[in-house]
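Reader: I'm new to this one and would like a close look at a single part. Could you take me through the cysteines, and then show me what else is worth seeing around the helices?

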Amino acid sequence: MKNTSKSKRRFLEYFSEKTEEKQKQDTSNNYGNWFSTLQHLKKIISPNFTFDEVDENFIKKVRNYFDSEAKTKSDLPLSQNSKYSYFNKFKASLRNAFDEGYLSINYASKIKSFEQAESQREYLTFDELQALASTQCKYAVLKRAFLFSCLSGLRWSDINTMVWSEVRDEGK
């Protein structure tokens, strides 16, 4: 049963609210993806667009935007994984809207997501790492953090949020 008062809610307002919720409860990477998705949606969706107006053509328009029109800050086309991530955030909001009674049809289940591309990981050779270790750096803490990241395989975001209680000796 369609709730007519909920169907008058503005889509971008709803998506923005969901993005703020992610900021409070999720990791910075997930919030960052929601925030980036919101910035893209603001480029193609009118601020007054309501759930009443959501249909399959609208969903296709958003998918097409991510696939062929959306650009990075450097004015390059989005990578395959960015398309995948942003469109899935959009679909998650549609699923939530359906569950919460803003939509009478679960449009998220009606349209195919993008394929996720295989990630190619870059790494330094042992000799390159040795050369960097003996190179001068203006910020010693940055150098130590970088070397720790290389040797541990942890990302900067993981190291930055790490606390001593998470460090343990696994033995040899």
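Author: Cys-137 is partly exposed in this predicted model, with a relative accessible area of 33%. Cys-150 also counts as partly exposed, at 31% relative accessibility. So are these two bonded to each other? Look at the sulfurs: the one in Cys-137 has its closest cysteine sulfur in Cys-150, 12 Å away, and that's too far for a bond. Going the other way, Cys-150 finds its closest cysteine sulfur in Cys-137, again at 12 Å. A disulfide needs the two sulfur atoms within 2.5 Å, and the structure holds 0 disulfides.

Now for the helices. Helix H1 (residues 11–25) packs against helix H4 (residues 80–99) at an angle of about 105°, and their axes are 11 Å apart. That makes the two roughly perpendicular. On the H1 side, the contact is made by Phe-11, Tyr-14, Phe-15 and Lys-18, while H4 brings in residues including Phe-90, Ser-93 and Leu-94. Sorted by class, this contact has 6 nonpolar, 2 polar and 2 charged residues.

Keep an eye on Phe-11, as it turns up again in the largest nonpolar core. That core has 31 residues, and Phe-11 and Phe-66 are those with the most contacts inside it. H1, H2 (28–44), H3 (56–69) and H4 each supply at least two of its residues, with the largest share, 6 residues, coming from H4. Leaving out residues up to four places away in sequence, Phe-11 touches Leu-41, Ile-45, Phe-49, Thr-50, Phe-51, Phe-90, Ser-93 and Leu-94.

How values were computed:
Residues are numbered from 1 along each chain as its sequence is written. This is a predicted model: local features need pLDDT of at least 70, side-chain atom pairs count only at pLDDT 80 or more; totals for chains, interfaces and linings use all residues. Side-chain values use heavy atoms; hydrogens and water are left out. Buried means under 20% relative accessible area, exposed over 50%, partly exposed in between (1.4 Å probe, protein chains only). Axes are lines fitted to C-alpha atoms, for helices over the stretch in contact, and angles run from 0 to 180 degrees between N-to-C directions. Helices (H or I, at least four residues) and strands (E, at least two) are DSSP runs, numbered from the N terminus. Angles under 35 degrees count as roughly parallel, over 145 as roughly antiparallel, 65 to 115 as roughly perpendicular and the rest as oblique. Contact means heavy atoms within 4.5 Å. Ala, Val, Leu, Ile, Met, Phe, Trp, Tyr, Cys and Pro count as nonpolar, Asp, Glu, Lys and Arg as charged, and the others, Gly among them, as polar. A nonpolar core is a set of buried Ala, Val, Leu, Ile, Met, Phe, Trp, Tyr and Cys residues joined through side-chain atoms within 4.5 Å.
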